[in-house]
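Visitor: Could you take me through one part of this structure, slowly? I'd like a close look at how helix packing and a pocket fit into one picture.

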Amino acid sequence: PDTVRGARARWLRRAVLLLPLALGACGYNTIQTLDETAAKSQGEIEVQLKRRADLIPNLVATVKGFAAQESQIFTAVAQAQRGLTGALARPGGAHPAELAQANDALTRAVMPMMTLVTSYPQLKSDTQFLKLQDELTGTENRIAVSRTDYNNAVNEYNSYILSLIHI
């Protein structure tokens, strides 16, 4: 009986000593997985922002054909589009705040161009314009979904980190 108790006690001490090591290794893998999920989600936002930036010049060209006298609007859109493209092309990736700022600048620049449609009825019926407008709307929806996915991934990552701290 004493040797059985002694063996159990030694086993229990070893288990208590090895438990944090085992839990730590499992936690590390989970952290890496969650971090990769967040990075992938951020990458998806960048892909959709690039798609949006690539659509804008085509939309500008179409609108310009109907409203060439609105040159300052087109200049503002082109500058904002270059800003977003430049942010996306940063070596090592752009900072999310920089991407958000560049995307907001592009959104503000595109809004006056989109309101030109009311001034040029023939533009409303142009199939190329309508196609580009639909693509832009779809891309903006994808950006919103990608942002939601990114926020969810970051929240899950942060929650897991906080749960490890409290163990």
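Guide: Here is a walk around helix 3 and the largest pocket.

This is a predicted model, where local features need pLDDT of at least 70, side-chain atom pairs count only at pLDDT 80 or more, and totals for chains, interfaces and linings use all residues. Residues are numbered from 1 along each chain as its sequence is written, and side-chain values use heavy atoms, with hydrogens and water left out.

Helices here are DSSP runs (H or I, at least four residues), numbered from the N terminus. Two packed helices are described by the angle between their axes and the distance between the axes.

Start with helix 2 (residues 71–88) and helix 3: their axes come within 8 Å and cross at roughly 155 degrees. Axes are lines fitted to C-alpha atoms over the stretch in contact, and angles run from 0 to 180 degrees between N-to-C directions. Helix 2 and helix 3 are therefore roughly antiparallel, a label for angles over 145 degrees. Residues in contact (heavy atoms within 4.5 Å) include Phe-74 and Leu-84 of helix 2, and Leu-99 and Asn-103 of helix 3. By class, that contact has 17 nonpolar, three polar and one charged residues.

Now turn to helix 5. Helix 3 and helix 5 pack at about 155 degrees, with axes 13 Å apart, so they're roughly antiparallel too. Pro-96 and Asn-103 of helix 3 are among the residues making this contact, as are Arg-147 and Tyr-150 of helix 5.

Pro-96, Leu-99, Arg-147 and Tyr-150 turn up again among the residues lining the largest pocket. A pocket is an open set of points on a 1 Å grid over the protein atoms alone, where a 1.4 Å probe fits, with protein on both sides within 12 Å along at least five of seven lines; lining residues have an atom within 4 Å of a point. Helix 1 (2–66), helix 3 (96–119) and helix 5 (127–165) each supply at least two lining residues.

Conventions. Angles under 35 degrees count as roughly parallel, over 145 as roughly antiparallel, 65 to 115 as roughly perpendicular and the rest as oblique. Ala, Val, Leu, Ile, Met, Phe, Trp, Tyr, Cys and Pro count as nonpolar, Asp, Glu, Lys and Arg as charged, and the others, Gly among them, as polar.
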